[in-house]
Amino acid sequence: MAFFKRELFMRELGPIERFENALKEKLAARQKLAERLSVAESELAEKRTAAERLAVAGAANARLDRAEAAMRAVEDRTKTMRAELLEFDEQVASAERALADAKAQRDRDALADQIEAMAAAIERAAPGFDGGATALVEAVTKSAMSIPEATRFSSNVDAVRREVLAAADLICWELRSAAVRTRAGNANLASIALSEAEQPPSAEIDRQLIYTLHPLLWREGDEVRKVPAFALVGLPKALLPVALQHQHVDHLNARRVQTLMHLHGSAGLNGEPEHDDPQLVDLDALLAEETPSAQADVA
């Protein structure tokens with residue numbers, strides 16, 4: 001038992017324990033000083049009363065001098081203790097702030113650890129997905145016979161594989177960046193809401209996960225969707241060809257997209273664009289412009 005007590009005593013205290021101990025010491029010292037001050041103030045009141053009585057009774061000058069000197073001595077001691085008590089109040093407030101900061105840092109570190117653990121789990125799971133998708137592709141490509149339906153299936157699986165792996169790299173980078181910001185106190189994850197670009201899309205619309213290079217606008221029924229530049233969005237596949245053709249978006253595995261992700265992330269630049277943003281691209285209008293020329297070519 002003595003060994004464990006010695007080990008516990010020798011264990012290095014963490015920041016919170018150190019600040020808690022410092023605060024307890026400051027509070028204890030302040031309490032002692034406050035008690036001494038209370039006694040001194042009571043004594044000062046008695047000295048003042050005694051000096052007043054002597055003066056009213058017409059006591060000799062010598063007695064009055066001694067009474068005044070005793071009163072001033074207690075008064076000076078009281079003033080000194082009051083000043084010391086004010087200093088203790090400042091020290092206690094400083095210790096309380098330091099303790100609160102240490103606890104906040106502990107909470108941020110715990111949250112950052114969870115974020116980093118999520119990134120690590122994604123990285124561990126990605127090779128398994130890659131291997132499974134690759135096996136599906138090879139089941140078709142290494143076959144001795146060729147069937148169009150199987151070939152299309154293989155191509156689609158391979159495209160999804162590349163896209164998911166690129167998205168996994170992105171999310172791991174973003175998670176670790178968020179962990180760094182969280183440790184530094186530069187992120188308030190509890191209050192972060194999903195941006196417009198990250199809102200769950202309507203299930204009935206076939207979409208493609210894509211990265212925007214310019215602010216975009218399109219319509220889904222009665223709803224107008226607006227997304228900023230440098231955002232990861234689910235774009236309706238009907239709009240994807242024209243957006244890619246005019247280089248308003250690009251695939252996640254594109255080299256320039258990887259660079260832009262590291263520079264700007266995937267949440268978008270400057271939030272949702274305004275209607276009068278001169279860079280805002282209306283994909284529906286762009287598709288309408290392209291459609292007549294396509295029909296003319298067919299004719």
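Three exercises with worked solutions follow.

This is a predicted model, in which local features need pLDDT of at least 70, side-chain atom pairs count only at pLDDT 80 or more, and totals for chains, interfaces and linings use all residues. Residues are numbered from 1 along each chain as its sequence is written, and side-chain values use heavy atoms, without hydrogens and water.

**Exercise 1.** Determine how helix α3 and helix α4 are oriented to each other.

*Solution.* Helices (H or I, at least four residues) and strands (E, at least two) are DSSP runs, numbered from the N terminus. The axes of α3 (residues 61–141) and α4 (residues 148–184) come within 9 Å and cross at roughly 170 degrees. Axes are lines fitted to C-alpha atoms, for helices over the stretch in contact, and angles run from 0 to 180 degrees between N-to-C directions. Angles over 145 degrees count as roughly antiparallel; α3 and α4 are therefore roughly antiparallel. By class, their contact has 24 nonpolar, 6 polar and 10 charged residues. Here Ala, Val, Leu, Ile, Met, Phe, Trp, Tyr, Cys and Pro count as nonpolar, Asp, Glu, Lys and Arg as charged, and the others, Gly among them, as polar.

**Exercise 2.** Describe the pairing of strands β2 and β3.

*Solution.* Two strands pair if DSSP finds at least two bridges between them. Strand β2 (residues 216–220) and strand β3 (residues 223–227) pair in the antiparallel sense over 5 bridges.

**Exercise 3.** Identify the bridge partner of Leu217 and describe the turn of the hairpin.

*Solution.* Leu217 has Lys226 in β3 as its bridge partner. The hairpin of β2 and β3 has 2 residues between the strands. In the turn, Gly221 has a positive phi of about 70 degrees.

Definitions and conventions: Parallel < 35°, antiparallel > 145°, perpendicular 65-115°, else oblique.
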